[in-house]
Amino acid sequence: MALWSRAGRMGLGLGRDISVARLVCARGLRCSPRLSRESQREDGAERPQPSSGTPRPPKIYTRTGDQGFSSTFTGERRQKDDQVFEALGTTDELSSAIGLAVEILTEKGHPFVDELEKVQCRLQDAGSAIATPLSSAREAHLKRTAFSEDAVLDLERWIDAYTSRLPALTAFILPSGGKSSAVLHLCRAVCRRAERCVVPLVQAGQTDANVAKFLNRLSDYLFTLARYTAMKEGKEEKIYRRPDPRP
């Protein structure tokens, strides 16, 4: 689904155990810089040396987080249970859930898979912004990790388009409507949790407010897309019904 390409030599020396990479997605989608925690060696660590033979791949582990700390893109060392890393981990979990949805929906031939892959790329951008706390960011950091409001506007446009094709919502819908719809509801629930993780960072002045707006609209998009998917597949959505009172 995706191919990593790195500029310059491995490591780049950007932050302690953080690297900046570009994610080149399938179907021609190109994502902006993504911050990958603990994906590269500590500055000054041994790096692969050129040789006449096949280059040795870098080790995936770094040991730099063994004491329970990791680094932001700005170079801060923070505990791994810091709110920044909690938000990063949850957005990563969301992207993984969407990746599962993409696989299921691709098997069904749904054309909106491209939108979901674009969302995954935007989540990489959101992670870059989250990993760059505004309190310690320099102008050079902000230029590389700015999160555009265009991502929010795209979601609103998609939501409006699908809503116009759906019957009016007159009752609470339970996560249902077939496997495709149900997995999108699961993504929506993870997205809500990601938003709850990001909001405190925005309120503390640590993260761009556009990231929280994006996650808010994304949950609405996933809900709408779940309903649309159930309709296209001819699956019935289950409606909440209040249990009958006990006699």
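**Exercise 1.** Work out whether phenylalanine 172 is buried or exposed, and find the nonpolar patch on the surface that includes Phe172.

*Solution.* Start with the number: phenylalanine 172 has 67% relative accessibility, so it counts as exposed. The cut-offs here are under 20% relative accessible area for buried, over 50% for exposed and partly exposed in between (1.4 Å probe, protein chains only). Next, place the residue: phenylalanine 172 sits in the loop between H4 and helix H5 (178–203). Helices are DSSP runs (H or I, at least four residues), numbered from the N terminus.

One caveat before moving on: this is a predicted model, where local features need pLDDT of at least 70, side-chain atom pairs count only at pLDDT 80 or more, and totals for chains, interfaces and linings use all residues. Residues are numbered from 1 along each chain as its sequence is written, and side-chain values use heavy atoms, with hydrogens and water left out.

Now the patch: Phe172 joins Leu174 and Tyr240, with about 340 Å² of accessible area together. Patch members have over 30% relative accessible area and no salt bridge (a side-chain nitrogen of Lys or Arg within 4 Å of a carboxyl oxygen of Asp or Glu); nonpolar side chains are joined within 5 Å, like charges within 9 Å. Areas come from the Shrake-Rupley method with a 1.4 Å probe.

**Exercise 2.** Classify the ring pair of tyrosine 162 and tyrosine 221.

*Solution.* Rings pair if their centres lie within 6.5 Å; planes under 30 degrees apart are stacked, over 60 edge-to-face, the rest tilted. With centres 6.5 Å apart and planes at 45°, this pair is tilted. Tyrosine 162 lies in helix H4 and tyrosine 221 in helix H6, so the pair ties together parts 59 residues apart in sequence. Both tyrosines, 162 and 221, are buried.

How values were computed
Phe/Tyr/Trp six-rings, centres within 6.5 Å; stacked < 30°, edge-to-face > 60°. Helix = DSSP H or I, 4+ residues; strand = E, 2+ residues; numbered from the N terminus.
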